[in-house]
Each structure stands twice: as structure tokens, then as C-alpha cells.
Amino acid sequence: MPEITSRSTTTLTISSFGDDNVYDFLKNSSLMTSFIRQCGNNVTLRFQKNYVSPAFAVPVMAIRDELREEERWVYFNKKDIEHNAEVLTFFEHSGMHDSFDTKSKKLVEEEIGKEDIIPSSIWASKAHMISLEKIRAGVLSEDTMVNDSVELLVPLYVALEMTECYPDLISGIMELYANAYIHGKGKSIYSIAQKALDGDILVAIYDNGIGIPQSYRDYQQRRPEGQRTELSDSEIMNWAFLEGTSTKQAQKGIPCGVGLPSIRRFSDRYGGEFGIASGTGIYYYKDGKVKSEEMSNGMNGTMFMLKIPCQEKEPRK
Amino acid sequence: MTIKVNEVCNYAIFEQDGIKLREAILSQLDKKEQIVLDFENIQFFATMFFNASIGWLVLRYGPEWINEKISKINLSDLGETTWKHSFDNAVQIRQDPAYKEAVAHFGDEDESAGA
């Protein structure tokens, strides 16, 4: 048994995380997870702003699990839950209330089902985790990823009658899961799907793998010295979305390099936008335009966020 | 000769299932009849599956061979789109002179994939 030592607690106040602006959300996720990793303490998250996007649960769940291995804990302040209906909704939708002390959990459980507490304009699946380690070990089948993503989106499907784009959405998510599974080498994938306040559908996915920039650099190391290319993290993100590029162009005769570009096509088809952050690179796409830059704080693993306007139920031709 | 894809796998998503479909196709080649892939009841698709099945065959035998030898039925619009992306990507890789050189440098590549 490891020796248990007490740690101090650092408080991190969340003042603007609730916005569902994809680009800012990814940057804030990177900043928050970087801070929590580096502070070396337990962390208490406090919420200043009323609305907390359920998508926030994805990076928090991922880092909570990571910190458990170091015997560090992520706490939420009970007063924020007691006095803030939107934060309460966040906990109910995120499925994270099991993480907290008995009193907080009881409070959340008492409030669940009270329709005046849960705003009707927010609907979210539970955040959930798929263990890639167990799939690789054969403990779970690969079909688990599909079944879990179907389960993830069924509530949205039922609530929003997303009949037209439902198979596309599952398939689009599976392209991301497949990338994380094959290239990411991570232990787990965390996901959540929600209908946001402004009516848009959001899907957030995080994998705790090595990240796209590191995967690219490992690939370059395998190449002959004269053929290696050095790129910044943001340049690597741009590279990853080019058709036909892959860190495994054709392994064992199987061509690669269509997964990430297909997500761009999916986004175009439904008038959506998406962003992806990995390492210090961030890539944001909407209506044929790309915005990519270097972040000051790196994102371990890869975080993805997709936003689809709910009113556009018919796919674009 | 018809191959029912839903008897090979539940979803057209994973690489291993794509390999199974490829092997099912290859096992029928000696019969010298056209192979029909029936995608009835297959709802979800990802490029990884088609890369491992059709993409591999494109690299090995070429796109014309695929078009002559294999036809598909009951494939949804989503499936058609995903198939096409994997197919076109494989054709591009096959035509790329850098591909053969790249294959030569990766020890785990199948030598015949460069043909």
C-alpha cells in the first residue's frame, strides 16, 4: 500500500467555461487541465458563472481519473451546488456527482427530477468513459465503442428526433474513436453529447493518448534522416487534416489518411463547426475556413468538440 | 457470389472487421464470378473498415480490378460516401511514386502492397 500523505488544496475558479464557443472552450480546457496537472495539489473547482456546459465534464473526468493515480483529488465546492441551479444541472447531466462527498451527492440526488431545477433548454447524455486498455486486451470487444456511442447519442436522438443525421453522427464519432484507438495509444476515451442553451448539438470527446503532435514526431523519427520534417504543433494539426496524410500511410498494405478529413466533410454536411486541441496546437474549422494557432498551455492527449446547429436537420447536398 | 456483410461483422467500422471482409472476398476469387457485397442492415460506417477491405484490394490489384470484380447492393448514402473516400484515397496512394519508396522503408509493410 502506498503511503498516504496529506496535500494542500489549490482553488481554481471557473469564470467563463460555460460558453459553448468551440474555440474558447478548447483553449480553456487546455489551460485548466494544464494548471491542474502542474499545481501538484488537490484542486477545488469553484464556479463563478451560472451556466456550466455539460461538455465541461469531459476534460474534468479525464483529469480526475489521471490524478487519482497520483492520489490527488478534484473537489467541487458544495455551496456552488447548493446555490446554483445550473451547476446542479451540470452535475446531474455529467454523471459526476458520484465523485463527491456523501452530502453533496445526496443534495444532487434529491434535486434530480425537479423540473423547475433542470432547464428545459439543456439536454445531455451522461459523460462516459470507454477503456481502450480493456479493448486492446480483449476484455471488451471493439463493438463496445459503437454500442457506447450509440448509447451516448440515443437520448439526443429521442429528444430531438435527429433521424436524418443520426447514423452520420455515430459514424462521425466513430472516426474520432478509431483515431484515438489506433493512433492515440491512450488508456481511455471520455465523451459527452448535449443540446446546448442556444439549441445547438455539442459533442465533446477527449482521449488521454500521446496526442497528434507526438504521434507525428514519432512517425518522423521512423523516417530516414534526410526525409524528416520538423513542424510546430499547430502546423502538425493542419497536416493531419490534409487528405491522404497519416503517420501510418500504408501499414501492412492498408491505406490510411482519410479519418480526420472525413470529419471536416461531416461538419460541412450539417453546417457545423469543430475544433481539436492536441499538444500546443489547436485547429478550428467552420464553413471551409480554418483557424489554427499555438496555445501557451499544452493539452495532454487530444480534445475534440463538434457543434451542429439543431435547426438544420436536413443534410446539405 | 454474394457476401452478406452483416454475416461478417455487425458494423462497418473497425479495421479487424474490414480485414475479415477482405479475406471473405479473397476466398472467392478462384470462383471467377463477380462478387456482390450486400450491406443490408449495416448502418454505421468508418473509413478504417473500408481502408482495410477495399483500400487494401485497391493497393494490391488496382481500382479497375475492383470495379470489374466487385459490386455492392443495399449500401446507404453514408456507406457509399465512406466507401468512395477510402477508395479514392487508396487510388491516390497507389499512384504516388513516393508510396513505393515509403513502403521500402517500413519493415512491417507487406511487400506485395507495393505492386
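This is a chat between a student and a tutor about a predicted model.

Student: Hi! Can we start with chain B? How many helices and strands does the secondary structure of chain B come to?

Tutor: Hi! Chain B has six helices and three strands. Going from the N terminus, the elements run β-α-α-β-α-α-β-α-α. Remember that we are looking at a predicted model.

Student: Okay. And what percentage of the residues in chain B is buried?

Tutor: Buried residues are 52% of the 115 residues in chain B.

Student: What about contacts in chain B, which share comes from residues 24 or more positions apart?

Tutor: That share is 77%, counted among the chain B contacts with a separation of 6 or more.

Student: Switching topic: where is the largest nonpolar core, I mean, which residues have the most contacts inside it?

Tutor: Those are A:Met145 and A:Tyr177, in a core of 47 residues. Helix 8 of chain A gives the most to this core, nine residues. As a general point, nonpolar side chains in soluble globular proteins tend to be buried together.

Student: Which residues is A:Met145 in contact with, leaving aside neighbours within four places in sequence?

Tutor: On chain A, the partners of A:Met145 include A:Ile130, A:Leu132, A:Ile135, A:Met174, A:Tyr177 and A:Tyr181. A:Met145 also contacts B:Phe14, from chain B. Apart from the largest core there is another one, with 41 residues, including A:Ile63, A:Phe90, A:Leu202 and A:Ala204.

Student: Now pockets! How much space lies in the second largest pocket?

Tutor: About 250 Å³. It is lined by 15 residues, and the closest to its centre are A:Ser262, A:Phe266, B:Leu78, B:Thr81 and B:Thr82.

Student: Which elements give two or more residues to that lining?

Tutor: From chain A they are helix 8 (166-184) and helix 11 (259-269), and from chain B helix 5 (77-95). Helix 11 of chain A supplies the largest share, five residues.

Student: And what does the lining have by class?

Tutor: The lining of this pocket has four nonpolar, seven polar and four charged residues.

Student: I spotted A:Asp80. Is A:Asp80 buried or exposed?

Tutor: A:Asp80 counts as buried, because its relative accessibility is 9%, and the cut-off for buried is under 20%. You can find A:Asp80 in helix 3 (residues 78-83) of chain A.

Student: What does A:Asp80 touch, not counting residues up to four places away in sequence?

Tutor: A:Asp80 touches A:Leu45, A:Arg46, A:Phe47 and A:Val87. Take A:Leu45: in sequence A:Asp80 and A:Leu45 are 35 residues apart, while from C-alpha to C-alpha they are 9.5 Å apart in space.

Student: Cysteines next. How many disulfides does a search of the whole structure find?

Tutor: Zero, over all chains. As for individual cysteines, A:Cys39 counts as partly exposed at 22% relative accessibility, whereas B:Cys9 counts as buried at 4%.

Student: Last one: which sign does phi of A:Asp287 have?

Tutor: Phi of A:Asp287 is positive, near 50 degrees, and the residue is not a glycine. For background, most residues other than glycine have a negative phi. A:Asp287 sits in the loop between strand 10 (273-286) and strand 11 (289-308) of chain A.

Student: What about B:Asn74, where is that found?

Tutor: B:Asn74 is in the loop between strand 3 (70-73) and helix 5 of chain B. Its phi is positive too, about 55 degrees. B:Asn74 is partly exposed, with a relative accessible area of 47%, and A:Asp287 is partly exposed, also with 47%.

Methods: Residues numbered from 1 in each chain as written. Chains lettered and ligands numbered in written order. Predicted model: local features only at pLDDT ≥ 70, side-chain atom pairs only at ≥ 80, totals over all residues. Heavy atoms only, no water. Helix = DSSP H or I, 4+ residues; strand = E, 2+ residues; numbered from the N terminus. Buried < 20%, exposed > 50% of the residue type's maximum accessible area, 1.4 Å probe, protein only. Contact = heavy atoms within 4.5 Å. Disulfide = S-S within 2.5 Å. 1 Å grid on protein atoms, 1.4 Å probe; cavity = no way out; pocket = protein on both sides within 12 Å on 5 of 7 lines; lining within 4 Å. Points joined across faces, edges and corners; volume = space filled by probe spheres on them. Nonpolar A, V, L, I, M, F, W, Y, C, P; charged D, E, K, R; others polar. Core = buried A, V, L, I, M, F, W, Y, C linked by side-chain atoms within 4.5 Å.
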